[in-house]
Amino acid sequence: MSNTLIQNTANVKGAVAGVAEEAESVLASVKAYLADLSESGVDELPLTVSPLVSAAERDMLLGPPPDIIDGMAGAETLDMIRLDLGDCRRCQLGNTRTNLVFGVGNPNARLVFVGEGPGRDEDLQGEPFVGEAGKLLTKIIEAMGLTRSDVYICNVVKCRPPQNRDPLPSEIEACSSFMLRQVKAINPSAIVALGKFAAQTLLGVKTPISRLRGAFQDYHGIPLMPTFHPAALLRDPALKRDVWEDMKQVMKKIGMELPAQKTGAAGVEQP
Ligand code: URA
C-alpha cells in the first residue's frame with residue numbers, strides 16, 4: 001500500500017471515529033435530559049412534526065381542505081377545476097397515464113356517479129367508464145330512464161394506476177379534493193358511489209360494500225348511495241338485483257318516477 005493511501009485510510013478512520021464519538025455524546029446528553037425530566041415527573045412528551053410545506057403551499061398543490069371546499073359550493077365551475085388540475089403531476093400517476101380522466105356529463109346533473117379510477121380504456125380515451133364495466137353502467141343509467149349526458153360521471157382518482165392496482169393513500173390524498181370540488185360545483189341531489197373503493201374512500205370507512213350498499217349516507221351534505229361496482233356485476237350477475245334496488249331508492253330520492261318497463265338495471269327483472 002502506498003504512503004498516501006495509508007494516510008487517506010487513517011484520515012477516514014479518524015473522521016468516522018470522530019462522528020461516532022459525537023453521536024455518542026449527543027445520545028448521552030439526550031439520555032441525561034430525559035432522565036432529568038423523568039425525575040421531575042414528566043413521563044411523556046408531545047410529538048410534533050414540523051410540516052414540510054406551509055398551509056398555503058399545501059392548498060396551492062392539493063387544493064383547499066374539505067371544510068373550506070364545503071363553503072365554496074357553487075363558487076367554482078367544472079371548467080375552473082379542470083384548469084386548476086392542468087397537466088397534473090401532483091402524484092406519480094401523472095407520469096404513467098396517457099390521459100387525465102376528469103369526468104363527463106351534465107354540469108348541472110341531479111345525479112353523480114363516482115368510480116374508483118380510470119382503467120385501460122378510460123386512460124386511452126380520456127373518458128370515465130367506457131370499457132366493459134362502463135357499458136354496463138350506461139345500461140344501468142338507461143334503465144333508470146336517463147342518459148349518460150343527463151348525469152355526471154367521474155372517479156376518485158383521475159389517472160390510471162399502473163396495472164389497475166388500487167390507488168395509494170398518497171395518490172388519493174393528492175386527488176380527492178378535486179372530486180369534492182367537482183361535486184360542490186355540480187351540487188347534485190344524490191351521489192352513487194360505485195364499488196368498495198369509491199364508497200370506502202368517500203365515506204372514510206372500512207365497512208365492506210356488501211354492508212354499506214342499500215342505505216343512504218351523507219357526503220358533505222349530499223345523500224350518497226353506495227352500491228356494487230359494475231365490474232362486480234360482470235363477475236357475478238346475481239348482484240344486479242341489489243344494484244337495481246339501490247337505483248330505485250336513488251330515483252325516489254331525486255324525485256324520479258320508476259320507468260314503466262319490465263326490466264331494471266341491465267336486464268334484471270323488476271319485482
Ligand atoms: N372503473 C372505474 O372505477 N372507473 C372507470 O372510469 C372505469 C372503470
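Tutor: Let's start with the polar contact: a pair of N or O atoms within 3.5 Å; within protein, one must be able to donate a hydrogen and the other to accept it, and residues adjacent in sequence count only if both atoms are side-chain atoms. We're looking at a predicted model, where local features need pLDDT of at least 70 and side-chain atom pairs count only at pLDDT 80 or more, while totals for chains, interfaces and linings use all residues. Residues are numbered from 1 along each chain as its sequence is written, and side-chain values use heavy atoms, with hydrogens and water left out.

Student: Okay, which atom of Phe 129 lies 3.0 Å from an oxygen atom of the ligand?

Tutor: A backbone one: an N or O atom of the Phe 129 main chain is 3.0 Å from that ligand oxygen. Asn 155 uses its side chain instead, putting an N or O atom 2.8 Å from a nitrogen atom of the ligand. His 229 brings a polar side-chain atom to 2.9 Å from a ligand oxygen.

Student: And how much of the ligand's accessible area does the protein cover?

Tutor: The ligand on its own has 240 Å² of accessible area, and the protein covers 90% of that. The areas come from the Shrake-Rupley method with a 1.4 Å probe.

Student: Which residues are around the ligand?

Tutor: Here "around" takes a heavy atom within 4 Å of the molecule. The list is Gly 115, Glu 116, Gly 117, Glu 122, Pro 128, Phe 129, Asn 155 and His 229. By class, this shell has two nonpolar, four polar and two charged residues; note that Gly is counted as polar in this scheme.

Student: Back to Phe 129. Where is it found, and is it buried or exposed?

Tutor: Phe 129 is in the loop between H6 and H7. Helices (H or I, at least four residues) and strands (E, at least two) are DSSP runs, numbered from the N terminus. For burial, under 20% relative accessible area is buried, over 50% is exposed, and in between is partly exposed (1.4 Å probe, protein chains only). Phe 129 counts as buried because its relative accessible area is 6%.

Student: What about the backbone angle, what is phi of Phe 129 near?

Tutor: As background, most residues other than glycine have a negative phi. Phe 129 has a positive one, near 50°. Asn 164 also isn't a glycine, and its phi is positive at about 55°. That residue sits in the loop between E3 and helix H8 (169-186). With a relative accessible area of 44%, Asn 164 is partly exposed.

Student: Which strand does Val 112 lie in, and what does it pair up with in space?

Tutor: Val 112 belongs to strand E2, residues 111-115. Sequence separation and spatial distance are worth reading together: Val 192 is 80 residues away along the sequence, yet the C-alpha to C-alpha distance is 6.2 Å. Val 112 is buried too, since its relative accessible area is 1%.

Student: Where is Asp 123 found, and why does it count as buried?

Tutor: Asp 123 is in helix H6, which covers residues 120-125. It counts as buried because its relative accessibility is 5%. Its C-alpha is 6.5 Å from that of Arg 97, with their positions 26 residues apart along the chain.

Student: What does the side chain of Arg 148 contact?

Tutor: The Arg 148 side chain makes a polar contact of 3.1 Å with the side chain of Thr 138. Arg 148 itself is in the loop between helix H7 (132-143) and strand E3 (152-155). At 18% relative accessible area, Arg 148 is buried.

Student: One last residue: is Pro 66 buried or partly exposed?

Tutor: Partly exposed, because its relative accessible area is 42%. Pro 66 lies in helix H3, residues 66-70. Ser 177 is 111 residues from Pro 66 in sequence, and their C-alpha atoms are 6.7 Å apart.
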